[in-house]
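Thanks for coming, everyone. I'd like to walk you through a structure that is new to most of us, so let me put it up on the screen.

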Amino acid sequence: MCGIVGYVGSNPVLDILLDGLEQLEYRGYDSSGIAVRNGDKINVYKAVGKLKNLREELSSHAYEIQKSTSGIGHIRWATHGAPTVVNAHPHVSNCGKLVVVHNGIIENYKELKSKLEAQGCTFKSQTDTETVAHLVALKYEEVKDLTKAVGLAVNEIEGAYALEIMHADEPDKIVITKRNAPLIIGVANDGFYAGSDIPAFIKHTNKAVYLSDNQIATLTSSSMKIQDKDGNEVTPKIEQLPWEPVALSKMGYKHFMLKEIHEQPDVVRNILFGKLHSADTPIELEEVKLTREHLKSLNRIQIIACGTSLHAGMIGKYLIEDFCQIPVDIEASSEYIYRKTVTDEHTLVIGVSQSGETADTLTAIKQAKARGSHILIITNRPDSAMAREADSLLSVNAGIEVSVAATKSYIAQLTSFYLLALFMAEIKETLDNVKLSTLKSEMLILPQKIEQILSNKDKIQTCARKYSGTRDFIYIARGINYPTALEGALKLKEISYINATGYPAGELKHGPIAMLDETMPVLSILMKGSVYDKLLSNSEEARARNARMIALTNSDSPKLDELFDCIIKVPDIDEILSPIISIIPLQLIAYYIAEFLGKDVDQPRNLAKSVTVE
Ligand code: F6R
């Protein structure tokens, strides 16, 4: 969950590294550092806190390295050791000549550390990464060749890593390698880039090579050599990247999160395009590679995901069970991997992940795959590790999401679940044709309904600000919007640090109601349909305890004015489709509260966009 970047070429490296790290700040941002070749030495600069601190630190040194054309950089999300300058990367070997940046976790670092200490190495940091610096440096002493030294060292390393390494005695060279962590090479006319994610270099080139596990690449300003773990040379496959640099601009919005919330109508349009043509034509999902017979015979589905993706999966369960009458289990990946699940070749396992990199979900998927299940992945990253494990890949194409708090990727996952559930229902013939066409025609106008909500955002902002002083917040819902309550609460927690919780409203009286008094805001997701009356009664119970009541509703009932202090109206919609629109005001409430409180909306504390540690 750290970000790494590297460059060797003909252009000055400093801005390339700093710009690259800025694009990776979503991966972690508690400290950063760079190592840059300076004549026959390598200079290292580090700072604690956000990247701007490193920029400040460098402002008085820039003249020393302005002509440098090779270097590596790192932005950290601390796992081993507090965010301090000493623990920040790059780490340097005892001889002072070898530098390394690392994303991932060296699992056997304690054993390695004892061994290296016994060989005379002294450690300065508390990180696992420092073992790599000393280990490769010792190997280098033996073989005097950086690529060979890296090859020998990785044989002794266990865990997940993407590494970029330079040695002062080998000018114009960076050696990189990876296992279970992403690392991509950018191929350009001016040299070679390396990054843990595409944004690190997309500004400079859209040609890339995805390094595979255990491969080692030796990059110089004019050459790229890739070898497999046995030292055999591999011919690189250069791919054209799909993303344009413009995707990384805020386009006039104050934060990426607000921009990404506003992109949601188009995200839904994009996903529906080519798959849902009209109310009367069948849904086309060529991506689902299960045969019709297999799909018809499926008797069990498991959905695995974390965080926001887990909430999308919870709605997916509701839809598949309702539309297709197939039992669906949903579980947090981190729980799934540590118990004996009943998963076999008769189970369809659906992994949901924005990043496609989340370590817990990736491990769970690999476990299920090993048991013979068909793996369907719903992800925003068709180039990710999870996508590579997929038998069927539903790529949601939401475009790059920079804000750490997921918004448009959630809407994209939800839309994909609707398409998948309807697609399966059509094959299994479990929904009558009238219901199918009604749902499909409503889906086609979802983008306009989201646009309607966004055009009323000023009202939502006014409501949100009234509650920005609260320490706690409760969201209640029932049925298909219960996951919406969880997701709304998660959004608020993540970016405002207000203690927000989502409850199934029927559970209020079994405990949480004890917390209600005149200080507690309770937001009720009151969509017309099967649970409307029940939820209204639950809201009355909360009102009777003097809670500050907010309604998110598509109802015009005058009764609501007596019960609620603040009413946020959303367009009318079939209950089963309502999660796609009811989440939009909740994203905006979270955004406006955090923005009003002056929080770091796009990069909330302690979080990272892509969680590549278990
Ligand atoms: C919340 C959020 C996280 C992620 C979770 C899983 O806004 O973004 O809860 O949903 O870390 O990440 P992915 O979807 O990349 O597997």
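Let's jump straight in at one residue. T308 touches A406, Y410, Q413, E487, L490 and K491, leaving out anything up to four places away in sequence. If you want to find T308, look in helix α10, which covers residues 307-324. Is T308 buried or exposed? Its relative accessibility is 9%, so T308 counts as buried.

One thing to keep in mind before I go on: this is a predicted model.

Okay, stepping back to the whole chain. We have 614 residues, and a compact globule with that many would have a radius of gyration near 25 Å; the chain has 26 Å, which agrees. Along the principal axes, the C-alpha atoms fill a box of roughly 80 × 55 × 45 Å. As for secondary structure, there are 21 helices and 25 strands.

How much of the chain is buried? That would be 61% of the 614 residues. The accessible surface is about 23300 Å², and carbon and sulfur atoms account for 49% of that. Here's one about contacts: take those between residues at least 6 apart in sequence, and 71% of them join residues at least 24 apart. And on charges, there are 66 positive and 78 negative ones, with mean positions 2 Å apart.

Now for some strands. Start with β2, residues 31-38. Seven of its eight residues are buried, so β2 is largely enclosed by the rest of the structure. Which strands does β2 pair with? One is β3, residues 41-48, which runs antiparallel to β2 and is joined to it by eight bridges. In that pairing, V36 stands opposite N43. The two strands make a hairpin with two residues between them, and G39 in the turn has a positive phi of about 65 degrees. Strand β4, residues 70-76, is also antiparallel to β2, this time with six bridges. There, S32 sits opposite I75. A quick general reminder while you look at the strands: in a regular strand the side chains alternate between the two faces of the sheet.

Further along the chain, look at β24, residues 548-553. Five of its six residues are buried, so β24 is largely enclosed by the rest of the structure too. Its pairing with β23, residues 521-526, is in the parallel sense, over six bridges. L526 stands opposite T553 in that one.

On to the loops. E170 is in the loop between β7 and β8. Why does E170 count as buried? Because its relative accessibility is 9%, and the cut-off for buried is under 20%. Ignoring neighbours within four places in sequence, E170 is in contact with R37, Y140, K144, D145 and L146. By the way, R37 falls within the stretch 31-38, our strand β2. E170 and F256 are 86 residues apart along the chain, and their C-alpha atoms are separated by 40 Å.

K144, one of those contacts of E170, lies in the loop between α5 and α6. K144 has a positive phi of about 50 degrees although it isn't a glycine. With 51% relative accessibility, K144 counts as exposed.

Y497 also has a positive phi without being a glycine, near 65 degrees. You'll find Y497 in the loop between α18 and β22, and at 26% relative accessibility it counts as partly exposed.

Last stop: the peptide bond from H89 to P90 is cis, with omega near 0 degrees. P90 is in the loop between β4 and β5.

That's my tour, thanks!

Conventions
Residues are numbered from 1 along each chain as its sequence is written. This is a predicted model: local features need pLDDT of at least 70, side-chain atom pairs count only at pLDDT 80 or more; totals for chains, interfaces and linings use all residues. Side-chain values use heavy atoms; hydrogens and water are left out. Helices (H or I, at least four residues) and strands (E, at least two) are DSSP runs, numbered from the N terminus. The radius of gyration is taken over C-alpha atoms; the globule rule is 2.2 Å times the number of residues to the power 0.38. Buried means under 20% relative accessible area, exposed over 50%, partly exposed in between (1.4 Å probe, protein chains only). Contact means heavy atoms within 4.5 Å. Accessible areas come from the Shrake-Rupley method with a 1.4 Å probe; for residues, only the protein chains shown count as cover. Lys and Arg count as positive and Asp and Glu as negative; His and the chain ends are not counted. The place of a charge is taken as NZ of Lys, CZ of Arg, CG of Asp or CD of Glu. Two strands pair if DSSP finds at least two bridges between them.
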